[in-house]
Amino acid sequence: MSQLQRHSKTAAFQEWRRQTKASSVGLVPTMGNLHQGHLSLLKEAARHHQAVVLTIFVNPKQFGPKEDFARYPRTLTQDLELIQGMNLQNEVVVFAPETAEEIFPVGYSTQISLGPLTQILCGQSRPGHFDGVTTVVYRLFALVKAQCAYFGQKDFQQLLLIKKMAQDLLLPTQVLGLPIVRDHDGLALSSRNQYLSASERQIGLALPRALQELQEIIIHHGLEQAQKRRLELLTNSHFEYLEIISAQTLLPPGPQERELVIVGALRAGQTRLIDNVLVNLKQ
Ligand code: AMP
């Protein structure tokens, strides 16, 4: 039987962290409304650590003024049931702060900002978003003191920035990225998919289909052909961006580049979807 504990106060969570006998702790940061993508991270963390901490925090700092912070789905009871249903043998701790002040107390003022990489791709339409992400993740790392933290490759730019933050600031937590979990029709699982009407979902499917098509063109016909097709695909006005870039730098790939990532963002109605696929070119 798994031992599921839940904390809604930072002080109580810190007390757990101080006294736990677990030899290693894995961290899975989320905004809740859990789906199989989140659970895949938790499962992997549980394979490697005696104790796992899953945080549920809808971080106000990473939402812009016109974004969906207020209506973001908050489903704590259902989330706890899903975790309970996994029957993990580990010590499982859900840290779901009851207010934003539990994480950012009155007077909090420090921002973590990684510079130019935060301003491209998703950063272009979401100014300040990645500063909000790295700031909260830094604070969660400091609270949880995990050996490893698990993130999805679905948010590729976010994962790269968090890895870079850990490297730049010499953080003791190792940052790991895990593959994207998809729905039966190919759409990457996301808490935001539930906003989609049936017709918006059809519009949304253009994103994984474009990524897959470009991946196949790169493999069979090369990058130049893929770039031509990419420009054609971009005439679909629902795309916010669709880029083929270096998976290491997020910049246009040089001729020797072997690890590419095709990244895209698309708007279907009020909902913004992101997705990506990796392409490893043979030596
Ligand atoms: P979120 O709750 O959307 O902030 O996501 C929390 C974590 O789950 C992040 O590391 C995401 O990259 C990851 N995640 C979200 N969707 C998926 C998915 N479809 N497959 C794998 N990981 C995911």
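Which element supplies the largest share of the shell around the ligand? That would be α2, with three residues. Keep in mind that this is a predicted model. Here's a quick tour of the ligand site, then of two open sheets: one of six strands with parallel pairing, and one of three strands with antiparallel pairing.

**Around the ligand**

- The ligand is surrounded by 16 residues, and the closest are His-38, Gly-152, Asp-155, Val-181 and Leu-189.
- Sorted by class, that shell holds nine nonpolar, five polar and two charged residues.
- Three elements chip in at least two shell residues each: β2 (25-30), α2 (36-48) and β5 (148-152).
- As noted at the top, α2 gives the largest share of these, three residues.

**Polar contacts and burial of the ligand**

- Gly-152, one of the closest residues, has a backbone N or O atom 2.9 Å from an oxygen atom of the ligand.
- Val-181 also works through its backbone: a polar atom there sits 2.8 Å from a nitrogen atom of the ligand.
- For Leu-189, a backbone N or O atom lies 2.9 Å from a nitrogen atom of the ligand.
- On its own the ligand would expose 480 Å², and the protein buries 92% of that.

**The six-stranded sheet**

- Reading across this open sheet, the strand order is β1-β4-β3-β2-β5-β6, and the pairing is parallel.
- At the edges you'll find β1 (3-7) and β6 (174-178), each of which pairs on one side only.
- Neighbouring strands here are turned against each other by 25 degrees on average, ignoring direction.
- Within the sheet, β3 (residues 51-56) and β4 (residues 91-95) run parallel and are joined by five bridges.
- To pick out a single pair, Thr-55 has Phe-95 in β4 as its bridge partner.
- Two of this sheet's strands, β2 and β5, turn up in the ligand story too, since each supplies at least two shell residues.

**Helices on the six-stranded sheet**

- Helix α3 (residues 76-85) lies across β1, β3 and β4, and runs at about 155 degrees to β1.
- Helix α5 (residues 129-144) packs on the sheet as well, touching β2, β3, β4, β5 and β6.
- The direction of α5 makes about 150 degrees with that of β2.

**The three-stranded sheet**

- This one is also open, with the order β7-β8-β9 and antiparallel pairing.
- Its edge strands are β7 (239-246) and β9 (271-280), and each pairs on one side only.
- From one strand to the next, the twist averages 10 degrees.
- Strand β8 (residues 259-268) pairs with β9 in the antiparallel sense over 10 bridges.
- If you want one pair to look at, try Ala-265, whose bridge partner in β9 is Ile-274.

**Helices on the three-stranded sheet**

- Helix α8 (residues 206-221) packs on the sheet and touches β7, β8 and β9.
- The direction of α8 makes about 20 degrees with that of β9.
- Helix α9 (residues 223-233) packs on the sheet too, touching β7 and β8.
- Against β7, the direction of α9 makes about 170 degrees.

Methods. Residues numbered from 1 in each chain as written. Predicted model: local features only at pLDDT ≥ 70, side-chain atom pairs only at ≥ 80, totals over all residues. Heavy atoms only, no water. Pairing = 2+ DSSP bridges. Helix = DSSP H or I, 4+ residues; strand = E, 2+ residues; numbered from the N terminus. Axes fitted to C-alpha atoms, helices over the stretch in contact; angles between N-to-C directions. Contact = heavy atoms within 4.5 Å. Near = heavy atom within 4 Å. Polar contact = N/O pair within 3.5 Å; in protein donor to acceptor, adjacent residues only side chain to side chain. Areas by Shrake-Rupley, 256 points an atom, 1.4 Å probe, with all protein chains shown as cover. Nonpolar A, V, L, I, M, F, W, Y, C, P; charged D, E, K, R; others polar.
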